Amino acid sequence: MPAYSLNVPVPADVARLASGLAAECRTAEPRERHTLVLKRLGEAEDYRRLIGQVRELLDGTGPIPARVEGVDVFEAPPSGRAPVAYLDVDSPGLMAVHERCC
């Protein structure tokens, strides 16, 4: 059964920063599209129902301010090849949405 997550887009300047960092790392496999994982939703047999629940939960949520505070690395990510570089993001609004999804 596939696992799903709720991802949010990142601003263009953050995507450029991430692409630039990946270009400097010789072993990196840059992603086609940079996103921020907001919440891992787990496994679901009925993907459409899960999407409907998440959309209902987030209905009316507008843009949320966030600040990138640094860069760090997952040495042992839960899936895929290691290491995975990530941006350390500070955002009480994103944390509130994450809690709502919990």
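Contact here means heavy atoms within 4.5 Å, and helices (H or I, at least four residues) and strands (E, at least two) are DSSP runs, numbered from the N terminus. This is a predicted model, where local features need pLDDT of at least 70, side-chain atom pairs count only at pLDDT 80 or more, and totals for chains, interfaces and linings use all residues. Residues are numbered from 1 along each chain as its sequence is written, and side-chain values use heavy atoms, with hydrogens and water left out.

**View 1. The buried side of helix α2 and what covers it.** Leu 50, Val 54 and Leu 58 are the buried residues of α2 (buried: under 20% relative accessible area; exposed: over 50%; partly exposed: in between; 1.4 Å probe, protein chains only). Looking down the axis of α2, you'd find these buried residues within an arc of 60 degrees (taken from the directions from the helix axis to the C-beta atoms), so they line one face of the helix. Their cover includes β1 (3–9), β2 (35–43) and α3 (92–101).

**View 2. The other face of α2.** Turned away from the buried side, this face carries the exposed residues Arg 48, Arg 49, Arg 55 and Glu 56. Just after α2 comes Gly 60, with a positive phi of about 90 degrees.

**View 3. A salt-bridge network around Arg 67.** Arg 67 pairs with Asp 90 in a salt bridge (a side-chain nitrogen of Lys or Arg within 4 Å of a carboxyl oxygen of Asp or Glu), with the closest N and O atoms 2.8 Å apart. Arg 67 lies in strand β3 (residues 67–74) and Asp 90 in strand β4 (residues 84–90), so the pair ties together parts 23 residues apart in sequence. Arg 67 also bridges to Glu 69, at 2.9 Å between the closest N and O atoms. Shared partners join Arg 67, Glu 69 and Asp 90 into one network.
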